[in-house]
Amino acid sequence: RIGIAADVPGAKPGSRERRLGAVGAEAVAELERKDKSLAEPLVPSARFFTRAEALYGLQHEGAETALDVLRRAGAVDAAAAGCLAELPKAVAFLGDALGWDKA
(Lines give C-alpha, C1' and ligand atoms only; values in the text may rest on other atoms or scores of the structure.)
Protein backbone atom coordinates (compact mmCIF):
# COMPACT_ATOMS: atom_id res chain seq x y z
CA ARG A 1 0.00 0.00 0.00
CA ILE A 2 1.16 3.53 -0.70
CA GLY A 3 2.31 5.30 2.43
CA ILE A 4 3.04 2.07 4.31
CA ALA A 5 6.65 1.08 4.77
CA ALA A 6 7.25 -2.10 2.84
CA ASP A 7 9.56 -4.84 4.01
CA VAL A 8 12.22 -4.34 1.35
CA PRO A 9 15.72 -5.19 2.60
CA GLY A 10 18.03 -2.21 2.25
CA ALA A 11 15.29 0.24 1.24
CA LYS A 12 15.98 3.73 2.53
CA PRO A 13 13.32 5.57 4.55
CA GLY A 14 11.19 7.68 2.21
CA SER A 15 12.31 5.75 -0.87
CA ARG A 16 9.95 4.48 -3.52
CA GLU A 17 10.67 0.93 -2.41
CA ARG A 18 9.57 1.79 1.12
CA ARG A 19 6.39 3.48 -0.14
CA LEU A 20 5.41 0.86 -2.72
CA GLY A 21 7.33 -2.33 -2.02
CA ALA A 22 9.63 -3.98 -4.55
CA VAL A 23 6.88 -5.01 -6.99
CA GLY A 24 5.17 -1.62 -6.95
CA ALA A 25 8.47 0.22 -7.31
CA GLU A 26 9.37 -1.85 -10.37
CA ALA A 27 5.91 -1.33 -11.89
CA VAL A 28 6.21 2.44 -11.43
CA ALA A 29 9.72 2.44 -12.90
CA GLU A 30 8.40 0.57 -15.94
CA LEU A 31 5.64 3.16 -16.42
CA GLU A 32 8.27 5.91 -16.27
CA ARG A 33 10.50 4.11 -18.80
CA LYS A 34 7.58 3.83 -21.24
CA ASP A 35 6.47 7.45 -20.81
CA LYS A 36 9.10 9.91 -19.57
CA SER A 37 6.42 12.48 -18.65
CA LEU A 38 5.23 10.11 -15.91
CA ALA A 39 8.58 10.60 -14.15
CA GLU A 40 7.67 14.25 -13.50
CA PRO A 41 6.43 15.22 -10.02
CA LEU A 42 2.66 15.09 -9.58
CA VAL A 43 2.76 18.38 -7.66
CA PRO A 44 5.61 20.86 -7.08
CA SER A 45 5.72 20.44 -3.31
CA ALA A 46 6.44 16.72 -3.61
CA ARG A 47 9.29 16.44 -6.08
CA PHE A 48 9.93 12.81 -5.07
CA PHE A 49 6.35 11.67 -5.85
CA THR A 50 5.89 11.11 -9.58
CA ARG A 51 2.86 11.02 -11.82
CA ALA A 52 3.52 7.30 -12.33
CA GLU A 53 3.25 6.68 -8.57
CA ALA A 54 -0.07 8.53 -8.52
CA LEU A 55 -1.44 6.42 -11.37
CA TYR A 56 -0.22 3.25 -9.70
CA GLY A 57 -1.97 4.28 -6.48
CA LEU A 58 -5.28 4.76 -8.27
CA GLN A 59 -5.03 1.68 -10.46
CA HIS A 60 -3.51 -0.85 -8.06
CA GLU A 61 -3.52 0.37 -4.48
CA GLY A 62 -7.12 1.35 -3.79
CA ALA A 63 -6.76 5.12 -3.78
CA GLU A 64 -10.14 6.56 -4.75
CA THR A 65 -9.57 10.30 -5.21
CA ALA A 66 -6.73 12.66 -6.05
CA LEU A 67 -6.65 13.85 -2.44
CA ASP A 68 -6.45 10.22 -1.34
CA VAL A 69 -3.43 9.74 -3.61
CA LEU A 70 -1.70 12.77 -2.11
CA ARG A 71 -2.50 11.73 1.46
CA ARG A 72 -1.61 8.06 1.16
CA ALA A 73 1.66 8.76 -0.58
CA GLY A 74 2.69 11.19 2.10
CA ALA A 75 3.33 13.58 -0.77
CA VAL A 76 1.89 16.47 1.16
CA ASP A 77 0.29 16.98 4.52
CA ALA A 78 -3.42 16.75 3.71
CA ALA A 79 -4.20 19.24 6.46
CA ALA A 80 -1.84 21.85 5.03
CA ALA A 81 -3.11 24.68 2.89
CA GLY A 82 -0.50 23.73 0.28
CA CYS A 83 -2.25 20.43 -0.29
CA LEU A 84 -5.51 22.12 -1.17
CA ALA A 85 -3.71 24.62 -3.38
CA GLU A 86 -2.06 21.80 -5.35
CA LEU A 87 -5.11 19.57 -5.56
CA PRO A 88 -6.35 21.05 -8.88
CA LYS A 89 -3.01 20.17 -10.53
CA ALA A 90 -3.27 16.59 -9.30
CA VAL A 91 -6.91 16.29 -10.36
CA ALA A 92 -6.17 17.69 -13.83
CA PHE A 93 -3.40 15.17 -14.48
CA LEU A 94 -5.23 12.18 -13.00
CA GLY A 95 -8.48 13.09 -14.75
CA ASP A 96 -6.80 13.34 -18.13
CA ALA A 97 -4.82 10.14 -17.61
CA LEU A 98 -7.82 8.12 -16.45
CA GLY A 99 -10.47 9.63 -18.73
CA TRP A 100 -12.52 11.31 -16.02
CA ASP A 101 -15.17 13.71 -17.23
CA LYS A 102 -15.31 17.31 -15.98
CA ALA A 103 -18.41 16.70 -13.83
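Biologist: Let's start with one residue: does Y56 count as buried or exposed, and why?

Modeller: This is a predicted model, so everything we say is about the prediction. Buried means under 20% relative accessible area. Y56 has 9% relative accessibility, so Y56 counts as buried.

Biologist: Where in the fold does Y56 have its place?

Modeller: Y56 sits in helix α2, which covers residues 51-60. The chain as a whole has four helices and zero strands, so reading from the N terminus you get α-α-α-α.

Biologist: And which residues does Y56 touch, if I skip those up to four places away in sequence?

Modeller: Skipping those, Y56 touches L20, G24, A27, V28 and E61. Distance along the chain and distance in space are separate things to read. Take A25: A25 and Y56 are 31 residues apart in sequence, while their C-alpha atoms are 9.5 Å apart in space. For the whole chain, look at contacts between residues at least 6 apart in sequence: 43% of those join residues at least 24 apart.

Biologist: What about the largest nonpolar core: how many residues does it have?

Modeller: Think of a core as buried nonpolar residues joined through their side chains. The largest one here has 21 residues, and L42, V69 and L94 have the most contacts inside it. Helices α1 (16-34), α2, α3 (66-73) and α4 (81-98) each supply at least two residues of this core. The largest share, five residues, comes from α2.

Biologist: Which residues is L42 in contact with, leaving aside neighbours within four places in sequence?

Modeller: Among them are F49, A54, V69, L70, A90 and F93. Across the protein chain, 43% of the 103 residues count as buried.

Biologist: Now the charged side chains. How many salt bridges are there?

Modeller: Side chains of opposite charge can pair when their charged atoms come close. The count here is three salt bridges. R33 takes part in one with E26, at 2.6 Å from N to O, and in one with E30, at 2.8 Å. E30 and R33 are three residues apart in helix α1, which means about one helical turn separates them.

Biologist: And which residue does E40 form a salt bridge with?

Modeller: E40 pairs with R51, and their closest N and O atoms are 3.8 Å apart. That pair links distant parts of the chain: E40 is in the loop between α1 and α2, while R51 is in helix α2, eleven residues apart. E40 is partly exposed, at 38%, and R51 is also partly exposed, at 23%. Back in the other group, shared partners join E26, E30 and R33 into one network of salt bridges.

How values were computed. Residues are numbered from 1 along each chain as its sequence is written. This is a predicted model: local features need pLDDT of at least 70, side-chain atom pairs count only at pLDDT 80 or more; totals for chains, interfaces and linings use all residues. Side-chain values use heavy atoms; hydrogens and water are left out. Buried means under 20% relative accessible area, exposed over 50%, partly exposed in between (1.4 Å probe, protein chains only). Contact means heavy atoms within 4.5 Å. A nonpolar core is a set of buried Ala, Val, Leu, Ile, Met, Phe, Trp, Tyr and Cys residues joined through side-chain atoms within 4.5 Å. A salt bridge is a side-chain nitrogen of Lys or Arg within 4 Å of a carboxyl oxygen of Asp or Glu.
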